[in-house]
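Welcome, and please open your viewer. Keep the selection box handy, since each stop starts with something to pick.

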Amino acid sequence: MVRKKRLKLTTTQIILLSFLVTILVGSVLLALPISSATGMAVPYLDALFTATTSTCVTGLVTLPTVSTWSTFGQIVILILIQIGGLGIITIMSGLMLLLNKKMGIGDRLLIQDAFNLNTMSGLAKFVKNVLFGTLTIEAIGAILYMLVFVPEFGVKGIWISVFNSVSAFCNAGIDIIAENSLCNYATNPLINIVTSALIILGGLGYIVWWDVLRVIKTRSKKNRNIFKHLTLHSKIAITVTAGLILVGAILIFVFEYTNPLTIGEMSLFDKIQVSFFQSVTTRTAGFASVPQENLTNASAAVSILLMMIGG
C-alpha cells in the first residue's frame, strides 16, 4: 500500500500563508453589506485592497475609512491592523498560552522565525511580554487620545481613540477621524506627541524594548550610561531612527518654512512640531497632518527617501 506523502511547509511558508489567509478572510468580511456605512456592499476589489493594506500596515486606502465603513467594518479593519502589527503567529501563540496549551517545537520554530530570534529558550515568556507590552502601550495611547477626542466626539471619541492608538502603534497610518487624516490636529501638541511616540515605539520593535529595560534594571548607580550597555542591534536601531527623524524634520522645516499651503502661516513652534511629525510619519506610518499634495518638491523627495528607508 502506497503511503501518501504529507505536505510539509517550512516556517517561512506557514507565516506567509497565515498572512494570505488573514487577508482573504478580511476581504470577504469587508465585502459584506454589514461592513459598509451605507448598507450596500463595497466592491470586492476595494475590500481586498483595504484588507491587504490593513494587514500589511501600509496606510494606503482606495476609499475613505471614516465614511466608507460601518462600525463592524472598522472593527474588522482594526483587527487586521492588530494582526499585521503583532503577527498572526504571535496572536495564535498567545491564545495557546491563554488556554494553557504547551507550545510544541513547531510552534517555537514559528515564533523564532517570526521575530528573527537566535534562540528558542524563553519563548513563552517572550510572547507574553510582547502581548502585554503591546496592549499596555496601546491602552495608554488610547487614554491620552481620549483627552482630545472624547470632549469633541462624545462617547464615539472612545472608539476613535482606541482605533487611532492601535493604528499608530502598528504603524498602519489609517484613522477614522476625518477624510483628511490628522490635518485638523496639525498644531495640537498632544496629538502630535502621542501619535509620534506610538509610531516610534512600534517601529523600534520588541527586541529593543526588552534590551533597554534589561539595561535599566541591571545598571548600577555608578554606571548610569544606559546606551553603552545596549546590544549592537539596539544601538543601531535607536541611533538610526533618531538620526533619520532629526534630519528629516530639519529638511522639511527648511523646505516648507515659507510654503503658505503647509506650514508657512504657522508660528515657529507649530512649524517645528509639524515638521517633526511629518518626518516621523512618512518613514514608517502614513498619517498626514498637512495636505501631502501641497508639499514642495524638495520635501516630497525627502518624504520618498524616508519611506524607502522605512520600507
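Is Phe 169 buried or exposed? Select Phe 169: at 3% relative accessibility, this residue counts as buried. Here buried means under 20% relative accessible area, exposed means over 50%, and partly exposed lies in between, with a 1.4 Å probe and protein chains only.

Before moving on, a word on what you are looking at. This is a predicted model, in which local features need pLDDT of at least 70 and side-chain atom pairs count only at pLDDT 80 or more, while totals for chains, interfaces and linings use all residues. Residues are numbered from 1 along each chain as its sequence is written, and side-chain values use heavy atoms, with hydrogens and water left out.

**The whole chain**

Switch to a cartoon view. You will find 13 helices and 0 strands; helices (H or I, at least four residues) and strands (E, at least two) are DSSP runs, numbered from the N terminus. Of the 311 residues, 43% count as buried.

**Helix H8 and its aromatic partner**

Next, select residues 156-169, which make up helix H8. H8 has 14 residues and reaches 20 Å from its first C-alpha to its last, close to the 20 Å expected at 1.5 Å a residue. That expected span is 1.5 Å times one less than the number of residues. H8 is mostly covered, with 10 of its 14 residues buried; among them are Ile 160, Phe 163 and Val 166. Just beyond, Asn 171 follows H8 with a positive phi, near 60°.

Now add Trp 209 to the selection. The structure holds 8 aromatic pairs. Rings of Phe, Tyr and Trp (its six-membered ring) pair if their centres lie within 6.5 Å; planes under 30 degrees apart count as stacked, over 60 as edge-to-face and the rest as tilted. The rings of Phe 169 and Trp 209 have centres 5.6 Å apart and planes at 50°, so this pair is tilted. Phe 169 lies in H8 and Trp 209 in H10, so the pair ties together parts that are 40 residues apart in sequence. Trp 209 is buried too, with a relative accessible area of 10%.

**Helix H10 and a salt bridge**

Stay with Trp 209 and extend to residues 206-218, helix H10. Its 13 residues should span 18 Å at 1.5 Å a residue, and the end C-alpha atoms are indeed 18 Å apart. Tyr 206, Val 208, Trp 209, Asp 211 and Val 215 are the buried residues of H10.

What do the side chains of Arg 214 and Asp 211 meet in? They meet in a salt bridge, at 2.5 Å from N to O; the term asks for a side-chain nitrogen of Lys or Arg within 4 Å of a carboxyl oxygen of Asp or Glu. The structure holds 1 salt bridge. Arg 214 and Asp 211 are 3 residues apart in H10, and are therefore separated by about one helical turn. Colour by accessibility: Arg 214 is partly exposed at 38%, whereas Asp 211 counts as buried at 6%.

**More rings**

Select Tyr 145, Phe 149, Phe 153 and Tyr 185 together to see one aromatic cluster. Then jump to Tyr 257, where Lys 271 lies over the ring face at 3.6 Å from the ring centre. This label requires NZ of Lys or CZ of Arg within 6 Å of the ring centre and within 35 degrees of the ring normal.
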